[in-house]
Every structure is written in C-alpha cells, then in structure tokens.
Amino acid sequence: MVEGRWRTAGSTVLRVIVVWAVSTLTMLALAGLLPDFQLQSDDGDSVTRTAVTAAWGAGAFGLLSALVWPLVVRALLLVPALVLGLLAFFLNGSLLLVALWLIPDGRGEADPENAVVVAAVMSAVASATSTALAVGDDNAYRRRLHRLAGRRRPATAGPGPGGPPGTVFLQLDGVGHHVLRDAVAEGLMPTVARWLGSTHRLTPWYTDWSSQTGASQLGILHGTSHDVPAFRWYEKDSGRLMVCNRPASAVELQRRAVERTGDGGLLTLDGASRGNLFSGGADQLALVLSVSARRGPRTRSRAGYVAYFRDPANAVRTAVSYAAEVCREVGQSTRSRLRGDSPRVGRGGLYPFIRAFATVVERDVVVAAVIGDMLAGRAAVYADLVAYDEVAHHSGPHSRDAAKVLERLDRSIALIAKVAEHTPRPYRIVLLSDHGQSPGETFESAYGLTLKDLVRAGCGLPVPRRVRHSPSGAEARDALRSAVHLPLEQGREERPSRGSGPMVLASGNLGLISFPDVPYRMSREEIERRHPALLRTLANHPGIGFLLVRSEEHGSVVLGPAGLEVPVDELTDGGGPLAVHGPGAADAIRRADSFPHVADIMVNSMYDPATGRVHAFEEQIGSHGGLGGEQSRAFLVSPLTLSPPVADGGRLQGAEEVHRVFRRWLRECHGPQVPVGPRADGLQESPPHHQPEEAFPVPDSLAPDKRG
C-alpha cells in the first residue's frame, strides 16, 4: 500500500512538472508572437534567463489558477451565471497580470488585451495536457473527471463494482423517433448507432394530445400529466395563466402531481434531476425549474455554476464555445436568408444568444452535473438536453442546422458513456425524448393573420392592422432572461379583465380559446348565441383541422369542416376528422376533454399526412404541442439488459405509461422502490442516506426554459 502511494505521488509530481514545462513553452511561444507581451528586460536577456522568467510566470499563473480562481468565482455568486461565463476571459487575464507582477525583477509585462489572450491559451493548453497525461492512468483520469464535475467523491460513495447498477436517463429534447432513426442511418450519431447495433433497442412511444415537455416530463417524472391540457392555458377558477416554463406554474404542477399520486416521484431514492422542469423527487438538483424560485441556504447558492466554472479551462472553453455558437447562428441564418429557404422565421434580435445559451452553456453544465452524479455513484439520474429542440424550432426539425446539433449531442452521449467506464458502480444509460417536432409554415405566414385575429374576426371584434406575433416557443428564452437577471415575461393577458374578449393562447399547433368573463366551461350553444359565426369560421378555415367544444345536447363534440360533427364518445381513430392522426388520437382527445381546465374551444391545426406539415400558431417552423405528424411520436433507446418496454406488438402510449416502465426498470436494478409521501409544502421528503458534497444545487436565477 505504501509503495502504491509513493507511485501515485511520483506520478502526480511528474504530471505537474510536464504541465509546467508545456505551459512554460506556451508562454515563450506567445511572447514571441504577441508584440505587447514580453518576458525580457528592456536591455534584453539570454535565452536561459528568458526561459527562467517564463517558468516563473507559468508556475505563478498555475498556482493562482488552482488556488485563487475558485475563491474568485465563489465570491461572484451573485453575478448572473451567463455573465460569469463571459467574465472568465477577464478574470483569467487578471490572474495572468498578477502572475507576471510576481516575476522577480519585473521582467514580465503584457497589455490587458494580450493578457486575456495569453491566459485563455495557457489555460486551454494546460487543461489539454493534464487530460492527455491522465488518459493512460485510470485513477488519474477518474480524478480529472471529478474535478471537471466539481465534486469530491467520498471513499464510501457508491455500492462498488459488484453492486446494483445505476440508471442514467438522458432526455434529448424534441428529437422525434423518425429524426433519431434518420440521424443514425445517415451517420450523424455514431454512438447511438453502435448501441442500436449491439447493446440497445429502439422503441417509439406516443405522447398525449399535449405533445410538449411540460405534460410529458411531468408524467414521466411524477407519474401523472392530469389536467395539463397544453403548454399554456387559462384557469377560470383562479384567474391565472399557467405556463409550463414559469417557476410558479412548475411549482404548482409538481404539487398537484405529488398530491394526486401520493408519491414523491421517479427519483426519490438517491436520485438527481438535472436541467428539468420538475424534480422527480430527487434531492440532488441543478437547473430544475420547479425549485428555482425557492429561497433557502440550498437554493441561494450558485454552487452549480461554481462547480463548473471553478476550473478556468472550463470557463474559457464554454465562453469561447458560446461566442462561436453565436457566430455560427448568425452565419447559418444569413445563408438561409440568401438561399431563400422556405419556410423561415425571424432569427435576429436576442435569438443567437438564446440559442448559444441552450446549445452550449446548459449543455456543458448539465453534462458536467451528470458526470458528477455518476462518479458519486447515484442510483438514478434524469437529465434534459434542450439543444436540438431550440434549434429545430427556428431552423426546422430536418434542417442542416439541427443535424449539426445532433452530432454534438452524440458526442456528449459518448463522453457520458466513457465516464461510465470509471464510475464506482456500473450504469445503464437510457436515451429518450419527450416529443418530436412537426415541420410547417406558421399559421400567420400561410394565411396572413394569427389565430387570435381569426377568433376576433369570428366574434365580430376589430382586428388590429399591425399583427402582433405570438410568443415564441424557444426552449431557452426565459432561461436566458433569468441568467442575465432580467424579469421573466409574465404576459399582459395573465389576469384579463372581465369583458376583455376571448383569450387566445398557443402551444405549437394547438390553440386554446377561453372566455374569461364566464366562470365555467362554455357550451357550444352558449358560444353560438354570443358569437354565431365563431365556431363556423374556425371549423371551415383551411388552416384548422378540428375543434373540441362542449355541447349541452351531445356532450363534448369534435367539429370539422363542412358541418362535420362527431360526439367525443363516438370518436374513432380510423374515420372522421381524426383519420389522418392514426391510433391513439381519439383516446387522447377524450382524456383532454376530461380535464377540469380544458379551454372553452380547443383548436388543432391542419395536418397533411403526405408532407407531415402542420401550421404552428407561434413563430416556429418546427413545432409541437398538438396532434399531427412526428411531434406525437417520441423514442426510447434502452439497454437489452432491461426488460422490453412493451410486449411484442404492443404500443407505448402516454408519458404516464413511460413512468411505469421506468419504475419497473429501477426495481430491476435496485429492488422494490419505496414510495415517498408529499410534505406539507407539496414537495417531497427523501429517504435518509449518505450524501456526498452538494456541488450542483439549484441556482436562484437560472432554470431551463420549456416552451411548447
């Protein structure tokens, strides 16, 4: 044992010397390339003296980076997370200036601009060198991954290699079954392709009518998606607008789910929730929307970002990648405009920064958190990677831009799989999506007016000449606003005044129309007495597929063009207005019709089965939220060592059924799962067990945004 310790110590010292030498050579090279960065006195020095000066500077910079950088980052907990990442350059440059000041005889000198460049290059080189040296040494490589994840694993963490395996659920947000299958066939995702050829199976699963993350993830993590009719909806009894990506709404939805099921969630037993809307009952949380507004010692801290950004190489890499992604989006948008791509939506303003936040910052922090969870030996981890969904909304689900994102997601999956080789327990990695996306021109672009305009026209109300766009369904818009400490947009219609006219809300290609001055769900007869032309106008519009409305005579009915009317109880998948939507559509509509907060009129856009296109009621050319095409068909990639999700020829329908499958798999790995009851505040109590250092609690002002 003593010999092993000496060998480890000697190997560590050798790596430090090598990294120091490479950093010294890097500093010498930069001194020769940059005119305002020098390591010599004004009278000149010998080569040996210059090398010694460079060694002093490199050593001082390395020590400052190791000792001072984490303290500086921790001192900036109140700085917005996104700003903290961008400050990495300047903080690193400041440390280099201090390092040069510490060189004896004052031989080191650099302008501030050059200091930023030199510090960034040296941090990247040192990090790359350290990682390359550690790859051949399993213990060193594991320690390196621990530092990247910002965790210190206690000696007792994890059950050991012979213990039960853990499970990692990686949600690739918005990646439909067809998109994944095509990406594998085209070689865009070689890691997934290799798995499907040997160790994993691919299974489609079908969403409910509300094909969006709020409903799907609530059902998967908490076992119920009851009374989530859309991404955003109006509740007449409370006068509140519910929006799945707003913290207050997410808290309430999770409370209702826990109350309905009497269970804390999928992750109550030593689980971790990363980048999700809901906690799933986990006690290890990072970027979880439903707890982001809570106050307390665990949530005031921005330790999730400290854990990631405490490594200056991480901070520099993410900041550089962020800037590169902004430039990439500007270039791709410009090329799309020059090519005359159609359909197309606006991609200017803040969108390049929003996209970069989703595809770089969230990805890096969430992946680091998952790595930390695996190295800590957690039993179950559920993480959401939103990059594809964000890009596909604005570029299209089958675009080249979205394909590039899939390639980068595959690299993240490969990294997590590589880490699994060095974890204290074996891991089974499950890939899934929460919904797909359907392409198509927006309703406004196709017909020159929004759904709200059409509703107002059908009600005989004035239609504004200047069309106001619906709020975009970008996945990270509110997350970015949180990151830069801007107030979240609550919407002017959150509490409409009585008699203000119909409220029209959009969730992709699903529209919801409510009359706030009527305290209950209006009937078809009442609507026709008040607005005789409204239902006929909507049902006969070529951009609308069907309506759902309550009837006093027939119960709820589905209305279609040319006077088509089918009672909900008589709906079938093979005929009428649902014929194009395939199996499960009739049951999905009947289920939504039973929700207490279903809208007065539910509107589903048209769907063309020949092209797969729909018309979103928002500014999206890739949309989800209703029925029609690929948006309703998600995927599940599971290890063959787990039992099949469904029997041969079976159909996996709804997020609640996916939750039951995941419960079964966790039982297969760990034995019976003990349900955990809700607390008085509507959250959940977790069973007591040893906790390693909490490195990724939820930061205050940054939570992942989910929009339908």
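Reader: What covers the buried residues of helix 7?

Author: One thing up front: this is a predicted model. The cover over the buried residues of helix 7 includes helix 8 (190-196), strand 4 (200-206), helix 15 (387-395), helix 16 (400-419) and strand 21 (633-639). The residues being covered are H177, V179, L180, A183 and V184, in a helix that spans residues 177-185.

Reader: Why can you say that the buried residues of helix 7 line one face of the helix?

Author: Look down the axis of helix 7: its buried residues fall within an arc of 165°, so they line one face. There's a handy rule behind this kind of pattern: an α-helix has 3.6 residues a turn, so residues three or four places apart point the same way. Just after helix 7 comes G187, with a positive phi near 80°.

Reader: What makes T203 count as buried?

Author: The cut-off for buried is under 20% relative accessible area. T203 has 9% relative accessibility, so it counts as buried. You'll find T203 in strand 4. Leaving out residues up to four places away in sequence, T203 touches H177, A634, F635, L636, P645 and V646.

Reader: How do you know which strands are the edge strands of the eight-strand sheet?

Author: Start with the order, which is 8-7-9-3-10-21-4-22, in an open sheet with mixed pairing. Strand 8 (284-286) and strand 22 (652-653) each pair on one side only, and that makes them the edge strands.

Reader: How many bridges join strand 3 to strand 10?

Author: Six bridges join strand 3 (residues 166-172) to strand 10 (residues 427-432), and the two run parallel. To be called a pair, two strands need at least two bridges, so six is enough. One example: L170 has L431 in strand 10 as its bridge partner.

Reader: Which strands does helix 9 touch when it packs on the sheet?

Author: Helix 9 (residues 213-222) touches strand 3, strand 4, strand 9 (380-385) and strand 10. Its direction makes about 175° with that of strand 9. Helix 23 (residues 655-670) also lies across strands of this sheet, namely strand 3, strand 4, strand 9, strand 10, strand 21 and strand 22. Helix 23 runs at about 155° to strand 3.

Reader: Which residues touch the most other members of the largest nonpolar core?

Author: Those are F169, W209, I589 and F662, in a core of 65 residues. Helix 23 gives the most to this core, with seven residues. As for I589, its contacts are W209, F546, L548, V558, L571, L578 and L627, again not counting residues up to four places away in sequence. There's also a second, separate core of 43 residues, and V179, V381, A383 and V419 are among its members.

Reader: Why is one side of strand 12 and of strand 16 left without a neighbour in the sheet?

Author: That sheet is an open one of six strands, in the order 12-13-17-14-15-16, with antiparallel pairing. Strand 12 (503-507) and strand 16 (565-567) stand at its edges with a single partner strand each, so one side of each has no neighbour. On average, neighbouring strands here are turned by 20° against each other, direction ignored. Strand 12 pairs with strand 13 (residues 510-514) in the antiparallel sense over five bridges. One of the matches is A506 with its bridge partner G511 in strand 13.

Reader: What makes helix 18 largely enclosed by the rest of the structure?

Author: Six of its eight residues are buried, so the helix is largely enclosed. The buried ones are L451, D453, L454, V455, R456 and G458. They pack against helix 17 (443-447), strand 12, strand 13, helix 21 (534-539), strand 14 and strand 17. Helix 18 (residues 451-458) lies across strand 12, strand 13, strand 14 (544-551) and strand 17, at about 150° to strand 12. After helix 18 comes G460, whose phi is positive, near 75°.

Reader: Is A599 buried or exposed?

Author: Buried: its 2% relative accessibility falls under the 20% cut-off. A599 lies in the loop between helix 22 (585-593) and strand 17 (601-605). Among residues more than four places away in sequence, A599 touches L512, I513, S514 and R521. From A599 to M522 it's 77 residues in sequence and 8.7 Å in space, C-alpha to C-alpha.

Reader: How many disulfides does a search of the whole structure find?

Author: Zero. To count, two cysteine sulfur atoms must be within 2.5 Å. Two cysteines worth a look are C459, buried with a relative accessible area of 11%, and C669, buried with 7%.

Technical notes
Residues numbered from 1 in each chain as written. Predicted model: local features only at pLDDT ≥ 70, side-chain atom pairs only at ≥ 80, totals over all residues. Heavy atoms only, no water. Buried < 20%, exposed > 50% of the residue type's maximum accessible area, 1.4 Å probe, protein only. Helix = DSSP H or I, 4+ residues; strand = E, 2+ residues; numbered from the N terminus. Arc of directions from axis to C-beta. Contact = heavy atoms within 4.5 Å. Axes fitted to C-alpha atoms, helices over the stretch in contact; angles between N-to-C directions. Core = buried A, V, L, I, M, F, W, Y, C linked by side-chain atoms within 4.5 Å.
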